[in-house]
Amino acid sequence: MNHSYLHDKDYVVGGRMVKGGLNTVPYNEVYIRVGGFNSKTMRSFDCGIGLPVALFSRDPNYGHLVQLLRVRARFSAMFGSEIAKTLPLLLVVPELGMRVFTKKLQQQVLKKMATSLNPFQNPAVAHFTRVDSTSEPHMKQKLEELLDLDDENVKQVLTPEEMARIAGGFGATDESVSNLLNDAALDDSGSLQGLVNEGLAFALRSNDYHTSRQLLILYSIVASRRRSNTEVSGQLQDDEDGYQSDSSSRDSAHWRKAEKDLNSAGDSQAVLFNRDNAQLGKEHIPPPPPPPPLDTDRLRSATNSDGLLAVLGAAQVLRAMQNGSAKRKVKEAIDSVDEWIHNGEQSVAFRVSSWRDLRSAQHDLNIATESDSNFMAFVSGKAITNRKKFVNQLREAADLTEFDSLRFLKSIHSVLSQMRSPCLRLELLQYILGLDNRYSVAHVLRSVELAATCLNLSGSDVHPTGL
């Protein structure tokens, strides 16, 4: 239709032929392709009719103003930041007409977003970018709409804590979030963990799986480099020569590409968990241990979102590995299962009583099982066989792995992958990893896989030859 408006003398509107060329546009909206410019014809629907002269919002409410900032960010991603910086933002106020959305007003809105405005995703793409189903075009738009925290307009008015809230609640570019965390890593006061927790809290409030995941992965990369640079002097002290900015750019570019390569591998799980077994030569340095723990107990208790439970669960898994609680609890779990097997082999009545106790916990554990098959498993002794296999796997994990390495996660992942209708076994894994009873097998699997991704990417960043 728009091509007809510009080029045809006769065109159809609403099923009616209009002769004589364009005199009046019959609608108040005309959709055209922008961006390119053809000097010969002055207009081209192949290249676009040129760059817009301004971006505007029809309604000066916070939802529309945040969307206006996101549209500018997307415009910057498509056409370049230099062009976007010169593009004016306008407000259409019915009572006052057209008004300029000045830098001062933008700063006031950013301050409001970081302090008292309830964070939110773009509702047009949120439904299509979930943990279990992500549309590639919508995810591309979501990434293009991320705000740039390195913009001077942002840095002049927001504290690091407030910028972390923007990153978690509304979304910020990988590079700018990485720069923010790198700056915090230079401070020995422990502000790095505090910033990430602030961002995760706002990600939880906006129910945004992707921003929380971004924060956890970038935190793992930055914290691992920080620990490595404590041991290898001189790598972060060159920030006057631009090292910090370069390393931050490498963070953002590296982890998305590495993850894409991982997902495109024929057997992505083998690649994810077998990195420790790769033939890397004598000079290979093992991946760093998990990053300093994040306290996400309060945040986990405040959400039932599958995606956020996976991210916060991964943070807890890394915490359990780093502080040594997983190692201690594995040994306690082995003793507990051994005792149950011993009693179960001696008495059918004990197994039936155990089955009744476990059935009463089914609702709390959110495990979908068949009552008949569960009962017969306990009566026939199949439950004993399953638990013997389970305790042998735990014992092997305790004997052959380091609890702060990928091998431990590989052992746990192997156990989870073989579970069908667990109850006690799932409850013990929840206990070992420090997770509550909302974590089903699927939830724990997602958390373990994301924790393994964090270790893989942080190890690859510190030792680039390791991936």
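In which sense do β3 and β4 pair, and over how many bridges? The two strands pair in the parallel sense, over three bridges. Strands are DSSP runs of E with at least two residues, helices are runs of H or I with at least four, and both are numbered from the N terminus; two strands pair if DSSP finds at least two bridges between them.

The model is predicted: local features need pLDDT of at least 70 and side-chain atom pairs count only at pLDDT 80 or more, while totals for chains, interfaces and linings use all residues. Residues are numbered from 1 along each chain as its sequence is written, and side-chain values use heavy atoms, leaving out hydrogens and water.

An open sheet of three strands, with mixed pairing, follows the order β3-β4-β5. Its edge strands, β3 (55–57) and β5, each pair on one side only. On average, neighbouring strands of this sheet are turned by 30 degrees against each other, direction ignored. Helix α2 (residues 62–79) packs on the sheet and touches β3 and β4, where contact means heavy atoms within 4.5 Å. The direction of α2 makes about 165 degrees with that of β3; axes are lines fitted to C-alpha atoms, for helices over the stretch in contact, and angles run from 0 to 180 degrees between N-to-C directions.

Within the parallel pair, serine 57 has leucine 91 in β4 as its bridge partner. Strand β4 (residues 89–93) also runs antiparallel to β5 (residues 97–100), joined by four bridges. A hairpin of three residues links β4 to β5, and valine 92 stands opposite methionine 98 in β5.
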